[in-house]
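User: Could you take a close look at the domain layout for me, and then follow the chain into whatever else is worth a look? Keep it chatty, but give me the cut-offs.

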Amino acid sequence: MLLYIHVPFCRSKCAYCSFFSLPLSDELSLNAYVSLLVEEIAFWNRRLGRVAVDTVYFGGGTPSLLPLVGVERIIHALDAAFSLQSGLEWSMEANPESCGDPEYLRGLKSLGVNRLSLGLQSLDTALLRRLGRAHDAAQGVRIFDLARWAGFENINLDLIWGQPGQRLRGWLQTLTKALDLQPEHLSCYGLSLEQDTPLAREVASGKVVLPAEDEQAKMFLHGAELLESKGRIQYEISNFSRMGYACLHNQGYWEGREYLGLGAGAVSTLGERRWENPRALPAYALLVRSGQVGGQAQELTPAERIRELVMLSLRTTRGLELNAYGKLSGRSFLHEHAPLIQVLRQNELIRISDGRLRLSKTGLLVSNAILERFFATD
Ligand code: SF4
């Protein structure tokens, strides 16, 4: 099973962020939150027994705001509640402004965190300021060096392309600087303009302008080319890794494995049941203390499961296994969508081989539009 732990606190809110995050008021709220996580972990042990867990992922928010003693309490609780498998991948997201203390990073490593995902987002300070990030480019590089010093041998860098004021040249320069650091993994996300964020309002008012669509397309395609020329394999729309360093947790999620999400706002899927913990801390606390977590689960319908299989597997470069689709739906994907598949093949947006249907590089760029068409002909 995959285990996800959500830490919803951030020091400040970034201008483009629509993730679930709360301002961190004080250390006390972090400690109280850790206590709730520990309670929730024990609850799942009583409910499921010592289930085998092979990946743990601390996401947020900003998990690196957790003090070492809090991380230690959580890992002890996990160890007591689950059967943590040998070779466990334990990822933690960290933001440069919250983990500048070398001893903190060394402490994480010695507690067992073995994959660090650094939220750099850019290596251009002017762009970082516009995104409302709390760090600058130099801090980003420094954190990477500190993480290496602390012994991390599996580091991901999160970067964003398509930012206001960014040009293709600037994006490729950022990627080149990032590659100079020699990370094992890079996640390169296209900026998505989310409603009701300060950045969306600035764009709507014309105060800032996003790169034109064709410039953004070049950033995606030329960026992927550059990364692949430097030995990084694209295994999902936004994810590139050295051979053997794909993120097992995210891969499991795209493969439709079961995952248990702990913490406020965390989502879980066990068997055909899915639920989301309440986002508001008082409601989450109430649920944990009353032993009602998971009680609000919804049964996934067969149509939802089929849709997810298509959506998640077409994000990856392994693509959709046609037999798996047939088993789940009792139908043939190729027959069902024959006219659309013909058009997509003619336009070199998909490829079919070895029993799999995959999106080409250009297909990945327009994956949302392709998925919409597949679902429209369902
Ligand atoms: S650090 Fe991440 S989660 Fe927190 S506000 Fe910024 S983008 Fe959102």
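Analyst: Domain bounds, to start with, come from an automatic or database domain assignment. This is a predicted model, where local features need pLDDT of at least 70 and side-chain atom pairs count only at pLDDT 80 or more, while totals for chains, interfaces and linings use all residues. Numbering runs from 1 along each chain as its sequence is written.

The protein chain splits into domain 1 (2-254) and domain 2 (302-376), and their C-alpha centres are 29 Å apart. Where they meet, 9 residues of domain 1 are in contact with 9 residues of domain 2 (contact means C-beta atoms, placed from the backbone, within 7 Å). On the domain 1 side, α8 (213-229) and β9 (233-236) each bring at least two residues, with the largest share, 4 residues, coming from α8. That side of domain 1 breaks down into 7 nonpolar, 1 polar and 1 charged residues. The classes go like this: Ala, Val, Leu, Ile, Met, Phe, Trp, Tyr, Cys and Pro are nonpolar, Asp, Glu, Lys and Arg are charged, and the others, Gly among them, are polar. Element names follow DSSP runs numbered from the N terminus: helices are H or I with at least four residues, strands are E with at least two.

Now the ligand. Around it sit C10, K13, C14, C17, F19, S21, G60, G61, T62, N95 and G119, a residue being near if its C-beta atom, placed from the backbone, lies within 6 Å. By class, that shell has 4 nonpolar, 6 polar and 1 charged residues. Two of these neighbours have a backbone quirk: G60 and G61 are joined by a cis peptide bond, with omega about 20°. G61 is in the loop between β4 (52-60) and α2.

That takes us to α2 itself. Two packed helices are described by the angle between their axes and the distance between the axes. For α2 (residues 68-81) and α3 (residues 102-111), the angle is about 10° and the axes are 10 Å apart. The axes are lines fitted to C-alpha atoms over the stretch in contact, with angles from 0 to 180 degrees between N-to-C directions. So α2 and α3 are roughly parallel to each other (under 35 degrees; over 145 would be roughly antiparallel, 65 to 115 roughly perpendicular, the rest oblique). L68, V71, E72 and I75 of α2 meet Y104, G107, L108 and L111 of α3, which comes to 6 nonpolar, 1 polar and 1 charged residues.

On to the strands, which pair if DSSP finds at least two bridges between them. β12 (residues 267-270) and β13 (residues 273-276) pair antiparallel over 4 bridges, with T269 bridged to R274. They make a hairpin with 2 residues between them, and G271 in the turn has a positive phi of about 60°. β13 also pairs antiparallel with β14 (residues 298-299), over 2 bridges; there R273 has E299 as its partner.

There's also an open sheet of 3 strands, in the order β15-β17-β16, with antiparallel pairing. Its edge strands are β15 (320-321) and β16 (350-353), each pairing on one side only. β16 and β17 (residues 356-359) share 4 bridges, R351 being partnered by R358 of β17.

One last backbone oddity: Q182 has a positive phi near 65° though it isn't a glycine, and it lies in the loop between α6 (168-180) and β8 (185-190).

Note on methods: Two residues are in contact if their C-beta atoms, placed from the backbone, lie within 7 Å.
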